[in-house]
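This report goes through a set of helices and the residues that sit in and around them. Please keep the sequence and the structure at hand while reading.

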Amino acid sequence: MIDTQTLNLLAGYNAWADRTLFEALAKLPEESIYRETRTLFKSMIGTLNHNYQVDLIWQAHLCGRQHGFTSRRDMLYPRLEGLVRAQSEADQWLVDWAKSQDGESLSEAINFRFTSGNPGQMQRGAMFLHVINHKTYHRGWVSQMFFEDGAKPPETDLSVYLTGHE
């Protein structure tokens, strides 16, 4: 089980990592962000939309409400500027949510439905860890796309965050 101190650390890390990645993306040639690549989500913007959509899905699960999505691959924000604003709001929601949790709330098992409609059940703490792990994974995909474009991606590792935020 995750404790509240780690929960808050990871929520802050998540928001920082997204900000750091978005700041680096803003320095790339615009076509790099939208260029179709041979990845599941077709581009940097597609991959980051997936991250955002999955955040919304799990936000709904954490709150015990329906998310309304039947896919995890919708292009909710086709332009970077809109996605940055929306993702920043979702990240802040997670930071605020984390601050309001305690051991009892994190251990509560929540019933939900996946986008497929299949039922699921997880503890809130495990849901939170999934969100953090999922986004770290896909930020790595976007980092690889930087290299394919001849650019150096930002370092968004937890250890980098800890070094500057201890």
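## Helices and the loop before H3

Helices here are DSSP runs of H or I with at least four residues, numbered from the N terminus. The model is a predicted one, and in it Lys42 is placed in the loop between helix H2 (30-34) and H3. Lys42 has a phi near 75°, a positive value in a residue other than glycine. Most residues other than glycine have a negative phi. At 47% relative accessibility, Lys42 counts as partly exposed, because that class lies between the limits of 20% for buried and 50% for exposed.

## Helix H3 and two of its buried residues

H3 covers residues 44-63, and 18 of its 20 residues are buried, so that the helix is mostly covered. At 1.5 Å a residue, these 20 residues should span 28 Å, and the end C-alpha atoms of H3 agree with this, being 29 Å apart. H3 is followed by Gly64, a residue with a positive phi near 75°.

Thr47, which lies in helix H3, counts as buried at 0% relative accessibility. When residues up to four places away in sequence are not counted, Thr47 touches Thr39, Phe41, His138, Trp141, Val142 and Met145. From Thr47 to His130 there are 83 residues in sequence and 17 Å in space, C-alpha to C-alpha.

Gln53 also belongs to helix H3 and is likewise buried, with a relative accessible area of 0%. Its contacts, again not counting residues up to four places away in sequence, are Phe69, Ser71, Arg72, Arg73, Asp74 and Leu76.

## How H4 packs against H3 and H1

H3 packs with helix H4 (residues 80-99) at an angle of about 30°, the two axes being 10 Å apart. Angles under 35 degrees count as roughly parallel, and H3 is therefore roughly parallel to H4. Their crossing is left-handed. On the H3 side the contact includes Ile45, Leu48, Tyr52 and Leu62, while on the H4 side Leu80, Leu83, Trp93 and Trp97 are among the residues met. By class, this contact of H3 with H4 has twelve nonpolar, four polar and two charged residues.

Helix H1 (residues 4-25) also packs with H4, here at an angle of about 170° and with axes 8 Å apart. Because of that angle, H1 and H4 are roughly antiparallel to each other. The residues making the contact include Leu7, Ala11, Ala15 and Phe22 of H1, together with Val84, Leu94, Val95 and Ala98 of H4. By class, the contact of H1 with H4 has twelve nonpolar, four polar and three charged residues.

## Helix H6 and Arg139

H6 runs over residues 124-148. At 1.5 Å a residue, its 25 residues should span 36 Å, and the end C-alpha atoms of H6 are 37 Å apart, which agrees. Just after H6, Gly150 takes a positive phi of about 80°.

Is Arg139, a residue of helix H6, buried or exposed? At 2% relative accessibility, Arg139 counts as buried, because buried means under 20%. Leaving aside neighbours within four places in sequence, Arg139 is in contact with Tyr13, Asn14, Ala17, Asp18, Leu21, Asn51 and Thr156. Among these partners, Asn14 and Asp18 are also residues of H1 that take part in the contact with H4, and Asn51 is one of the H3 residues that meet H4.

Key: Residues numbered from 1 in each chain as written. Predicted model: local features only at pLDDT ≥ 70, side-chain atom pairs only at ≥ 80, totals over all residues. Heavy atoms only, no water. Buried < 20%, exposed > 50% of the residue type's maximum accessible area, 1.4 Å probe, protein only. Contact = heavy atoms within 4.5 Å. Expected span 1.5 Å × (residues − 1). Axes fitted to C-alpha atoms, helices over the stretch in contact; angles between N-to-C directions. Parallel < 35°, antiparallel > 145°, perpendicular 65-115°, else oblique. Left-handed = near helix turned anticlockwise from the far one by under 90°. Nonpolar A, V, L, I, M, F, W, Y, C, P; charged D, E, K, R; others polar.
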